[in-house]
Amino acid sequence: MKATIIKAAALSGVLAMTATASYAAVDQESYQLSSHILDISTGKPAPNVNVRLMMQDKTGSWKLLDTEKTDDKGRIGNFLPNEAGVDHKGTYKLIFETTPYFREQGLKSFYPYVEVNFNIEGKNHFHVPITLSPYGYSTYRGS
């Protein structure tokens, strides 16, 4: 029975990785930018968080391009549609509106929002996730 449990756990992990890989592959084909929020205080994704995508113009001003909400897995996969002849090169920022997310859980947070600035060059897919808690956050260039 122990071997069966181990095999089932291994198969479950493979299925989870396959589902994640499939999710990412579809997004990368259709969109150049995605994001994800993991709430490290709960170890779970952060659903229903508003995220604004802005681009810096040549004068240094910021222009709102899109506003999306994280899904039940804490993901947004549809920023910057890949369209023929469109080059998304530039400086961008994602603004994660974290206060309402924590307020809904009955918590206060130190940071009213999280702002992540980054550059896009070329046609590669860019994944900009954050890990989050009421008193801290971190970001990195994901894949």
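Start by selecting Phe110, which sits in the loop that runs between helix 2 (98–104) and strand 7 (114–120). Keep in mind as you click around that this is a predicted model. Is Phe110 buried or exposed? Its relative accessible area is 59%, so Phe110 counts as exposed.

Now add Tyr111, Tyr135 and Tyr137 to the selection and turn on a surface. Together with Phe110, these residues make a nonpolar surface patch of about 480 Å².

**Into the core**

Next, go for the nonpolar side chains inside. As a general rule, nonpolar side chains in soluble globular proteins tend to be buried together. Here the largest nonpolar core has 22 residues. To find your way around, select Leu33, Ile37, Val51, Leu94, Phe96 and Phe118, the members with the most contacts inside that core. Colour by secondary structure and you can see who contributes: strand 1, strand 3 (50–56), strand 5 (75–81), strand 6 (90–96), helix 2, strand 7 and strand 9 (130–133) each supply at least two residues of this core. Which strand gives the largest share? That's strand 7, with 4 residues.

Zoom in on Leu33 and show what surrounds it. Leaving out residues up to four places away in sequence, Leu33 touches Leu53, Gly77, Asn78, Phe79, Leu80, Leu94, Phe118, His125, Phe126 and Val128.

**One step along: Ser34**

Select Ser34, in strand 1 (residues 31–39). With a relative accessible area of just 5%, Ser34 is buried. What does the side chain of Ser34 join up with? Draw a distance to the side chain of His127 and you get a polar contact of 2.6 Å. Beyond its neighbours within four places in sequence, Ser34 is also in contact with Ile76, Gly77, His125, Phe126 and Val128, as well as with His127 itself.

**Last stop: Arg141**

Finish at Arg141, in the segment that follows strand 10 (136–139). Unlike buried Ser34, Arg141 is exposed, at a relative accessible area of 53%. Show its neighbours, skipping residues up to four places away in sequence, and Asn124, His125, Phe126 and His127 turn up as contacts. His125, Phe126 and His127 should look familiar, since they were also on the contact list of Ser34. Where does the Arg141 side chain reach? It gets to the backbone oxygen of His125, at 3.3 Å. For one more distance, pick the C-alpha atoms of Arg141 and Val128: these residues are 13 apart in sequence, and the C-alpha atoms are 5.4 Å apart in space.

Definitions and conventions: Residues are numbered from 1 along each chain as its sequence is written. This is a predicted model: local features need pLDDT of at least 70, side-chain atom pairs count only at pLDDT 80 or more; totals for chains, interfaces and linings use all residues. Side-chain values use heavy atoms; hydrogens and water are left out. Patches are made of residues with over 30% relative accessible area and no salt bridge: like charges are joined within 9 Å, nonpolar side chains (Val, Leu, Ile, Met, Phe, Trp, Tyr) within 5 Å. Accessible areas come from the Shrake-Rupley method with a 1.4 Å probe; for residues, only the protein chains shown count as cover. A salt bridge is a side-chain nitrogen of Lys or Arg within 4 Å of a carboxyl oxygen of Asp or Glu. Buried means under 20% relative accessible area, exposed over 50%, partly exposed in between (1.4 Å probe, protein chains only). Contact means heavy atoms within 4.5 Å. A polar contact is a pair of N or O atoms within 3.5 Å; within protein, one must be able to donate a hydrogen and the other to accept it, and residues adjacent in sequence count only if both atoms are side-chain atoms. A nonpolar core is a set of buried Ala, Val, Leu, Ile, Met, Phe, Trp, Tyr and Cys residues joined through side-chain atoms within 4.5 Å.
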